[in-house]
Amino acid sequence: MATKLILNGRRVSVDAAPDMPLLWALRDVLGMTGTRFGCGAGQCGACTVIVDRAAMRACSVALGDLAGKQVRTIEGLADPKTRRLHRVQQAWVDCNVAQCGYCQAGQIMSAVALLETHPQPTDAQVTDAMNGNLCRCGTYPRVRAAIAQAAGGKA
């Protein structure tokens, strides 16, 4: 049975088992590989997507639970017409956040969800929102600088 949802602003019908984790539906069924597989247990944040304005781990949410919901992935952030990066993506570039880059899609999606709910987040809100997005390279200071820049503050 197909699950219908809104993916990056477009209505899609995903023909897969309803208990399939969203991560595998994105990567294996839809061919969207921007969302990364990390731990597979919702602990590392590499697979973070935004579902109806909330950051969620795509490895831990079943496709069937997303019927009718809006899902955004890293592929859906840049403006498709102008190819201009989302302000958080641009801040990531400006602050040289990415090192190996593996966790960055998940980090960016968590930051986008944060700034959509808290446009001028406090340090505590940043810490809370980014808690669970692990980076093996230790780019946390640059992540915080990029979030500050994207929020309109100085990096």
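**Figure 1. The largest nonpolar core.** Four residues, V88, W92, I108 and I147, touch the most other members of the largest nonpolar core, which holds 23 residues. The model shown here and in the other views is predicted. Helices α2 (87–94), α3 (104–117), α4 (123–130) and α5 (140–150) each supply at least two residues of this core. The biggest share comes from α3, with 8 residues. A second core, separate from this one, has 18 residues. Among its members are A16, L23, L26 and M32.

**Figure 2. V88 and its contacts.** V88 belongs to the largest nonpolar core and is one of the four residues there that touch the most other members. Leaving out residues up to four places away in sequence, V88 touches I108, A111, V112, L115 and A150. V88 is also one of the buried residues of α2.

**Figure 3. The buried side of helix α2.** V88, Q89, A91 and W92 are the residues to look for here: they are buried in α2. Their arc around the axis is only 160 degrees, so they sit on the same side of α2. The buried residues of this helix pack against α3 and α5.

**Figure 4. N96, just past helix α2.** N96 follows just after α2 and lies in the loop between α2 and α3. Its phi is positive, near 50 degrees, and N96 is not a glycine. Most residues other than glycine have a negative phi. N96 counts as exposed because its relative accessibility is 55%, and the cut-off for exposed is over 50%.

**Figure 5. Q107, a buried residue of helix α3.** Q107 is placed in helix α3. Its relative accessible area is 1%, so Q107 is buried. Not counting neighbours within four places in sequence, Q107 is in contact with W92, M130, N133, L134, C135, Y140 and V143. Of these contacts, W92 is itself buried, in α2.

**Figure 6. R57 in strand β4.** R57 is found in strand β4. With a relative accessible area of 18%, R57 is buried; the cut-off is under 20%. Which residues does R57 touch, not counting those up to four places away in sequence? They are G42, G45, C47, T48, S110, N131, G132 and N133. N133 is also in contact with Q107. Q149 is 92 residues from R57 along the chain, and the C-alpha atoms of the two are separated by 25 Å.

**Figure 7. R53 in the loop before β4.** R53 is found in the loop between β3 and β4 (54–57). R53 is not a glycine, yet its phi is positive, about 80 degrees.

**Figure 8. The W24 and F37 ring pair.** The count of aromatic pairs comes to 1. W24 and F37 form this pair, which is tilted: the planes are 40 degrees apart and the centres 5.2 Å. W24 lies in helix α1 (residues 22–29) and F37 in the loop between α1 and β3 (48–51), so the pair ties together parts that are 13 residues apart in sequence. Are these two rings' residues buried, exposed or partly exposed? W24 is partly exposed, with a relative accessible area of 29%. F37 is partly exposed too, at 34%.

**Figure 9. R36 over the ring of Y102.** R36 lies over the face of Y102. The distance from the ring centre is 5.6 Å.

**Figure 10. Strand β1 and its two partners.** Strand β1 (residues 2–7) pairs with strand β2 (residues 10–15) in the antiparallel sense, over 6 bridges. A2 has D15 of β2 as its bridge partner. The hairpin of β1 and β2 has 2 residues between the strands. In that hairpin, N8 takes a positive phi near 50 degrees. β1 also pairs with strand β5 (residues 70–72), here in the parallel sense and over 2 bridges. On this side, V71 of β5 is the bridge partner of L7.

**Figure 11. T122, between helices α3 and α4.** T122 sits in the loop between α3 and α4. T122 counts as partly exposed, at 40% relative accessibility. A148 is 26 residues away along the chain, and 9.6 Å separate the C-alpha atoms of T122 and A148.

Technical notes. Residues numbered from 1 in each chain as written. Predicted model: local features only at pLDDT ≥ 70, side-chain atom pairs only at ≥ 80, totals over all residues. Heavy atoms only, no water. Phe/Tyr/Trp six-rings, centres within 6.5 Å; stacked < 30°, edge-to-face > 60°. Helix = DSSP H or I, 4+ residues; strand = E, 2+ residues; numbered from the N terminus. Buried < 20%, exposed > 50% of the residue type's maximum accessible area, 1.4 Å probe, protein only. Lys NZ or Arg CZ within 6 Å of the ring centre and 35° of its normal. Pairing = 2+ DSSP bridges. Core = buried A, V, L, I, M, F, W, Y, C linked by side-chain atoms within 4.5 Å. Contact = heavy atoms within 4.5 Å. Arc of directions from axis to C-beta.
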